[in-house]
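Got the model open in your viewer? Here's a stop-by-stop tour, with a suggestion for what to select at each point.

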Amino acid sequence: AKGPTPSKDDFLSCLAKDIPPKLLYAKGSPSYSSVLVSTIRNLRYLSFKTVNPVYIVTPTEIAHIKNTVLCGRRYNIRIRVRSGGHDYEGLSYRSESPEPFAIVDLNLMRSVRVDGKSRTAWVESGAQLGDLYYEISKASPKLAFPAGVCPTIGVGGHFSGGGFGMLLRKYGVAADNVIDAKLVDANGKTQDRKSMGEDHFWAIRGGGGESFGIVVSWKVNLLPVPPTVTVFQIPKTLNEGAIDLLTKWQELAPALPDDLMIRVMAQGQKAVFEALYLGTCTTLVPLMKTRFPELAMNASHCNEMPWVQSIAYIHLGKNATVKDILNRTSSIRAFGKYKSDYVSKPIAKPVWETIYRDWFSKPGAGIMIMDPYGATISALNETTTPFPHRKNVLYNIQYITFWFGDGAPSVMPIKWIRDFYAFMEPYVTKNPRQAYVNYRDLDLGVNKVPAGSNVTSYIAGKAWGERYFKGNFEKLAITKGKVDPTDYFRNEQSIPPLLTMV
Ligand code: FDA
C-alpha cells in the first residue's frame, strides 16, 4: 500500500523540534551546496541535474539520527546515508528516481576509541580510514586493521560492503573483523549486536550500505603487525617482460605466504608490481628470489617503515607523512567509471597480449588494478559474511577509467570500460560473473518496484544481487524482509525485502 504523500515542510518542522538548526541544510539555504559537495568524490555527480536531497542532516549524536528516521517515516521522506561519499555511483547523495529524499551525513560523527589492551576499537561511521589507521598506530605501532588503501574512504560505506586493502591476504576484509556495531534501524530504534540478532548483524558486515539501517559505529578487532614492514613498487614495461611476469603472477601471488601481498596495476605499456610484506628486507629478498625470481627484486627495491607509514607511502607517494592520511581533501577528484571482476582460472598469455595491444592503446583507455586473494580472505566460508568471494578466487580486477576537465570527453572512457568489460567475459568467473559491491556498478542492474507494489522486487534484484553476493543474496533479502519489510531504506541497489511466510 502507498504511504501518505511526502511532505517536505512537515518533515523539516519535525526535524527542527529535536535537532539544532545549524545541523540542518534545506535545499536553497546558503551552505547547502558546500555541504553537499564536501565529500563528492566523483565529479560525474556534481551536476545538479542529478536528483539531489531536499535536506541534509549532519547529526552529532545518535538521537539526531533516530529523530531523522522517525520524521522520515512519519512524513514519507526517504533517507540516504553518507559517510565518506566515495560510492562510485554516488548513491549516498543522489537518486536516479525523482522522489524527495534527505541525506544523513555522518561527517561530524567520526570518533575513534582504541583500546590497546583488549586490541579492539570503536570507530564511528563518519571517520575516514586514515583516522582509524592513525589512532591505531598511536596506541601501538604493532597493531593494524585490514581495510582499504585510500585513507579518505568512509568507514560507514566501506565496512558495509566488505572493505579490503593490502592486508587482505593476512586478515581478510574489514567486515570479517567487526565484532559489534550500533545502528539505528528502520523503526528509529537503536540496536547493538545483541539486540539486533545474528542475522541482522551478519547482513551489515558486507551486505552493502543503506539496506539494513544506519550504522553509527563499529567495534573491530585490531590485529598484530611487525614494527617494520617493507614496501616495494617495481614497474616493468612490455620490453622488460611485463606480460610474462603478469601471466606467472596470476597463480603465484595467491599462493604466496600470507605475509606477502603483491598487487598489479596494468596500464599503457607497463605493469607495476606493488607489494606490502609484513617483515623486513632481509627475509623478503630471499623469499622473492625463491618464489618469483623473474621479477628480479633485490634489496635496492626495499622501503622499510612502520605499517601506518606504508598507508601514506602506497596511496600518497614516498614523500607523504603519516599525518597526511588525516587529510580529508587529499583524494583525487575526477570524473570516473568503475567496474570489477573476479578471476578463478589464469588468463592465457595471448589474451594479455591482446589486452595490451588492442585495449590499453585505445583512446579513453584506463587501468586494471589486480588484488591477489588466497590465504585468509579465501579461507573463510562463503557464507561467513555476505562477502562471498572466497575459495577458488585467484584475484579481483578493478577496472578504472577517469578523466578531468569539464566532463565533455566522458563518452570515450565510458565506452572503453564497457567494451573492455564485454571483451573480458570469457576469462572471468561465470554463473554468476562476480563483482564486488564496494566497486558499485549500476550497469549490472538497478532495483525495480513492480506496478501495484511499494517494495523493490527480489526477482529483479537477482540480476545484480547474485553477482555481488552469490548465494548470500537470498539470506540478505530474507533478513531485509524481517528488519525493513516496507523497504524504507532503499536505493538503486539496496537489498529488496523477501517476505517469507512464517
Ligand atoms: P558513501 O558514504 O558514498 O557510502 C557508500 C554506500 O554505503 C552508500 O550506499 C551509502 O548510503 C551507504 N552507507 C554509508 N554510510 C553508511 C552507514 N553508516 N550505514 C549504512 N550505510 C551506509 N574499496 C576497497 O575495498 N578497497 C580500496 O582500496 C578502495 N579504494 C577506493 C579508492 C577511492 C578513491 C574510492 C572513491 C573508492 C575506493 N573503494 C575501495 C571503494 C569504497 O570502499 C566504497 O566506495 C565504499 O562504499 C565507500 O564508503 P564511504 O562511506 O566513503 O561511501
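Which elements each supply at least two residues of the shell around the ligand? Select β3 (78–82), α5 (155–160) and β10 (214–221), and you have them. Before you click further, keep in mind that this is a predicted model, where local features need pLDDT of at least 70, side-chain atom pairs count only at pLDDT 80 or more, and totals for chains, interfaces and linings use all residues. Residue numbers start from 1 along each chain as its sequence is written. Helices (H or I, at least four residues) and strands (E, at least two) are DSSP runs, numbered from the N terminus.

**Stop 1: the ligand shell**

Stay with the ligand and show the 34 residues around it; a residue makes the list if its C-beta atom, placed from the backbone, lies within 6 Å of the molecule. Gly84, Gly154, Gly156, Gly157 and Gly209 come nearest. Helix α5 gives the largest share of the shell, four residues. Color by class and you get ten nonpolar, 19 polar and five charged residues. In that scheme Ala, Val, Leu, Ile, Met, Phe, Trp, Tyr, Cys and Pro are nonpolar, Asp, Glu, Lys and Arg are charged, and the others, Gly among them, are polar. Domain 1 (8–108) and domain 2 (112–224) each put at least three residues into the shell.

**Stop 2: the five-stranded sheet**

Next, pick the open sheet with strand order β5-β6-β10-β8-β9 and antiparallel pairing. β5 and β9 (190–191) are at the edges with a single partner strand each, so one side of each has no neighbour in the sheet. Two strands pair here if DSSP finds at least two bridges between them; β8 (178–184) and β10 have six, in the antiparallel sense. Zoom in on aspartate 180 and you'll find lysine 219 of β10 opposite. Now add α3 (62–75), which packs on the sheet, touches β8, β9 and β10, and makes about 55° with the direction of β8. Helix α4 (129–139) lies across β5 and β6, at about 30° to β5. Those angles run from 0 to 180 degrees between N-to-C directions, with axes fitted as lines to C-alpha atoms, for helices over the stretch in contact. Contact means C-beta atoms, placed from the backbone, within 7 Å.

**Stop 3: domains**

Color the chain by domain: besides domains 1 and 2 there are domain 3 (229–304) and domain 4 (338–427), with bounds from an automatic or database domain assignment. The C-alpha centres of domain 2 and domain 3 are 30 Å apart. Four residues of domain 2 are in contact with five of domain 3. On the domain 2 side, that's two nonpolar, no polar and two charged residues.

**Stop 4: helix α11**

Select 307–316: nine of the ten residues of α11 are buried, so this helix is largely enclosed by the rest of the structure. Buried means 20 or more other C-beta atoms within 10 Å of a residue's own, exposed means 12 or fewer, and partly exposed is in between, with C-beta atoms placed from the backbone. Trp307, Tyr313 and His315 are among the buried ones, and their packing partners include α4, β12 (229–237) and β14 (270–277). Glycine 317 follows α11 with a positive phi near 110°.

**Stop 5: backbone oddities**

Most residues other than glycine have a negative phi, and most peptide bonds are trans. Asparagine 76, between α3 and β3, has a positive phi of about 60°. Arginine 119, in the loop between β5 and β6, has one of about 55°. Finish at the cis peptide bond from asparagine 431 to proline 432.

Key
Contact = placed C-beta atoms within 7 Å.
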